[in-house]
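Let's take a walk through a protein model together, from its packed interior to its open spaces and a few unusual backbone spots. Please keep the viewer open as you read.

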Amino acid sequence: MNPVEEHIFRQTEPYQSMMLYVRDVLKTTLPTVVEKYSFRLPFYHYNKKSLLYKNVLRGTNFLDIAFMDGAILETKFPQLKDHNNRKRVRSIQYKSIEEIDTALLQQIIIAAAGLIDTGNTTKYK
């Protein structure tokens, strides 16, 4: 098992199932995405740039799917939240696997990858 898998399988339910499901959606949506274990979290890289990471923050009851350049996308996707006053990162949060809107998640993933493709990853509010 690689470090990302070890991290996911250490999670309790429902977070483990959600992380596995999001991983599958991500790999299906962007087959070239590269999974890495950085900062003790699963990170996903696209074209050698950080796209997103997944985290269950201490003291919370949700899975945080954090998009590295989410600040650029929050107008198009108001579901992205600025949790903890982050300058660049915006996230979508799920408390259960049933809450996950797969089509919306795929749209955000594609839009975030598009920012990397176009080099439009430095315009922050």
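What follows is a tour of this predicted model, starting with the core.

In soluble globular proteins, nonpolar side chains tend to be buried together. Here the largest nonpolar core has 32 residues. If you would like some residues to select, Leu51, Leu52, Ile65, Phe67, Ile92, Leu105 and Ile109 are those with the most contacts inside this core. At least two core residues come from each of helix 1, helix 2, strand 2 (41-46), strand 3, strand 4 (63-67), strand 5 (90-94) and helix 4. Helix 4 gives the largest share, with 9 residues. A second, separate core has 6 residues, among them Leu41, Phe43, Tyr53 and Val89.

Ile92 is a good place to zoom in. Once its neighbours within four places in sequence are set aside, Ile92 is in contact with Leu63, Asp64, Ile65, Phe67, Gln79, Leu80, Leu104 and Ile108.

Now turn to the first pair of helices. How do helix 1 and helix 2 pack? Helix 1 (residues 3-10) and helix 2 (residues 15-29) meet at an angle of about 145°, and their axes are 8 Å apart. On the helix 1 side the contact is made by Glu5, His7, Ile8 and Phe9, while helix 2 brings Gln16, Met19, Leu20 and Arg23. Sorted by character, the residues of this contact are 4 nonpolar, 2 polar and 2 charged.

The loop between these two helices holds Pro14, and a cis peptide bond joins Glu13 to Pro14, with omega at about 10°. Most residues other than glycine have a negative phi, and most peptide bonds are trans. With that background, the loop between strand 2 and strand 3 is also worth a visit, as Asn47 and Lys48 are both found there. Asn47 is not a glycine, yet it has a positive phi of about 50°. Lys48 is not a glycine either, and its phi is positive at about 70°. Are these residues buried or exposed? Asn47 has a relative accessible area of 46% and counts as partly exposed because that value lies between the 20% and 50% cut-offs. Lys48 reaches 84% relative accessibility, so it counts as exposed, the cut-off being over 50%.

Finally, let's look at the empty space. Rolling a probe the size of a water molecule over the atoms shows where empty space is left. The structure holds 1 cavity of 30 Å³ or more, and the largest cavity contains about 30 Å³ of space. Which residues line the largest cavity? They are Ser50, Leu51, Met68, Asp69, Ala112 and Ile116. Strand 3 (49-55) and helix 4 (102-118) each supply at least two residues of that lining, which divides into 4 nonpolar, 1 polar and 1 charged. Leu51 was named above as one of the core residues with the most contacts, and here Leu51 lines the largest cavity.

The largest pocket has about 290 Å³ of space. Its lining is made up of His7, Arg10, Gln11, Tyr15, Tyr37, Arg40, Leu41, Asn55, Val56, Leu57 and Arg58. By character, these lining residues are 5 nonpolar, 3 polar and 3 charged. Two of the names link back to earlier stops: His7 takes part in the contact between helix 1 and helix 2, and Leu41 is included in the second core.

Notes: Residues numbered from 1 in each chain as written. Predicted model: local features only at pLDDT ≥ 70, side-chain atom pairs only at ≥ 80, totals over all residues. Heavy atoms only, no water. 1 Å grid on protein atoms, 1.4 Å probe; cavity = no way out; pocket = protein on both sides within 12 Å on 5 of 7 lines; lining within 4 Å. Points joined across faces, edges and corners; volume = space filled by probe spheres on them. Helix = DSSP H or I, 4+ residues; strand = E, 2+ residues; numbered from the N terminus. Nonpolar A, V, L, I, M, F, W, Y, C, P; charged D, E, K, R; others polar. Axes fitted to C-alpha atoms, helices over the stretch in contact; angles between N-to-C directions. Contact = heavy atoms within 4.5 Å. Core = buried A, V, L, I, M, F, W, Y, C linked by side-chain atoms within 4.5 Å. Buried < 20%, exposed > 50% of the residue type's maximum accessible area, 1.4 Å probe, protein only.
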